[in-house]
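Open the model in your viewer and keep the selection tool at hand. Each stop below says what to select and what is there.

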Amino acid sequence: MIRVQKEDFDPGVEIATLHRGRSDLGAVVSFVGLVRGESHGERLTSMTLEHFPGMTERELERIEREARERWTLDDALVVHRVGELKPGERIVLVVTAAPHRRAAFEAAEFLMDYLKTRAPFWKRELRASGEHWVEARDSDDDAALRWR
Amino acid sequence: MRLLYFAWVRQKVGRGEELVDAPAEATTVGALVQWLQSRGDGYADAFADLKRVRVAVNQEHVDFGAPVRSGDEVAFFPPVTGG
C-alpha cells in the first residue's frame, strides 16, 4: 500500500497495523527518513516537499508492484509526506514484511532506492542564505542502477 | 495539449500549468521543447540545460525522443529528490 500525505505518521502504529492478527510473517523491516537540521554547512529552517499529484501515487504503486515481483513479500507499505517540514520531522516510511528477513531487508532498500530516483517529489530548503532546490545526487542514481 | 511544470522549472516558466496549441511539427518531446524555448525568457531559462530537465507524458517517465500529440499531458521537472 502507498500513501502520500501532509500529516505525520507513527512508525510503531504503522508496523503494528501491518502485522496485527497475522501468523504468516517472519520478518518486518522498516526505514524512516528524517529532515536533517543542517545542509551545505548551514542550519536548515524548513524543508518543503512538492510533488506531482496523481503521478506520484502511480509511480509509487509501480515501484511497490516491482518489489513484489522481485521478492516474496507478504506486505509492503510506503508513506511519503508533502508540504512544509521542520528539522527532525519524519519524511518517509517504508515497511516490508516477508517470511524471511533477507527478502524484507532487500525489498526495503530497493523501494527506497527506486523511490529516490523515480517518484516525482522535489525538496526545497529554506536556509539562512535563502531558498534552495535540493539537487539530485549521482549516488542515488548509482544506488538505483545496481538493482538492474 | 496540457503542459505541467514542477519545482524550479515551474518557477522559471512562471506558471504551474497551461493549455497550448503546439505547432504541428512538435511531434516529439524534443520538438515541443524547441518550440517552448522560443516562447520567452522564462521558457528559454527553464529549458536552457536539458540535462537538468526530466519529462513525463501522461504520467509516465519518458525521454526527449518520445512522441507527443494533442490531448497529451506533458510534465517537465528537475530530477526528483524525494525520500
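The tour takes the fold of one chain, then its helix packing, then the contact between chains, and ends at single residues in loops. The model is predicted.

**Stop 1: chain A as a whole**

Select chain A and colour it by secondary structure. Four helices and nine strands make up its secondary structure. Following the sequence, the order of elements is β-α-β-β-β-α-β-β-β-α-β-β-α. The radius of gyration of chain A is 16 Å, close to the 15 Å from the globule rule for 148 residues, so chain A is as compact as a globular protein of that length. Along the principal axes, its C-alpha atoms fill a box of roughly 50 × 35 × 30 Å. Of the 148 residues in chain A, 32% are buried. Among contacts in chain A with a separation of 6 or more, 77% join residues 24 or more positions apart.

**Stop 2: helix 2 and helix 3 of chain A**

Now select residues 55-70 of chain A, which form helix 2, and residues 101-118 of chain A, which form helix 3. How far apart are the axes of helix 2 and helix 3 of chain A? They are 10 Å apart, and the two helices pack at an angle of about 150 degrees. An angle over 145 degrees counts as roughly antiparallel, and helix 2 and helix 3 of chain A are therefore roughly antiparallel to each other. The crossing of helix 2 past helix 3 in chain A is right-handed.

Show the side chains at the contact. Helix 2 of chain A contributes A:Glu59, A:Leu60, A:Ile63, A:Ala67 and A:Arg70. From helix 3 of chain A come A:Ala107, A:Phe110, A:Leu111, A:Tyr114, A:Leu115 and A:Arg118. Sorted by class, this contact between helix 2 and helix 3 of chain A has eight nonpolar, no polar and three charged residues.

**Stop 3: helix 3 and helix 4 of chain A**

Keep helix 3 of chain A selected and add residues 138-145 of chain A, which form helix 4. The axes of these two helices come within 8 Å and cross at roughly 130 degrees. Helix 3 and helix 4 of chain A are therefore oblique to each other. Their crossing is left-handed. On helix 3 of chain A, the contact residues are A:Asp113, A:Tyr114, A:Lys116 and A:Thr117. Helix 4 of chain A meets them with A:Asp140, A:Asp141, A:Ala143 and A:Ala144. By class, the contact of helix 3 with helix 4 of chain A has three nonpolar, one polar and four charged residues.

**Stop 4: where chain B touches chain A**

Show both chains. Their contact takes 14 residues from chain B and 22 residues from chain A. On the chain B side, helix 1 (7-13) and strand 5 (73-77) each supply at least two residues. That side of chain B has nine nonpolar, five polar and no charged residues.

**Stop 5: three loop residues**

Select A:His40, in the loop between strand 3 (38-39) and strand 4 (42-51) of chain A. Is A:His40 buried or exposed? With 10 C-beta neighbours inside 10 Å, A:His40 counts as exposed. Its phi is positive, about 50 degrees, although A:His40 is not a glycine. Most residues other than glycine have a negative phi.

Go next to B:Gln59, in the loop between strand 3 (54-57) and strand 4 (60-62) of chain B. B:Gln59 is not a glycine, yet has a positive phi of about 70 degrees. B:Gln59 counts as partly exposed, with 16 C-beta neighbours inside 10 Å.

Finish at B:Pro23, in the loop between strand 2 (17-19) and helix 2 (29-37) of chain B. B:Pro23 is exposed, with 11 other C-beta atoms within 10 Å. Add B:Ser70, 47 residues from B:Pro23 along the chain: the C-alpha atoms of the pair are separated by 9.8 Å.

Note on methods:
Residues numbered from 1 in each chain as written. Chains lettered and ligands numbered in written order. Predicted model: local features only at pLDDT ≥ 70, side-chain atom pairs only at ≥ 80, totals over all residues. Axes fitted to C-alpha atoms, helices over the stretch in contact; angles between N-to-C directions. Parallel < 35°, antiparallel > 145°, perpendicular 65-115°, else oblique. Left-handed = near helix turned anticlockwise from the far one by under 90°. Contact = placed C-beta atoms within 7 Å. Nonpolar A, V, L, I, M, F, W, Y, C, P; charged D, E, K, R; others polar. Rg over C-alpha atoms; globule rule 2.2 N^0.38 Å. Buried ≥ 20, exposed ≤ 12 C-beta atoms within 10 Å, placed from the backbone.
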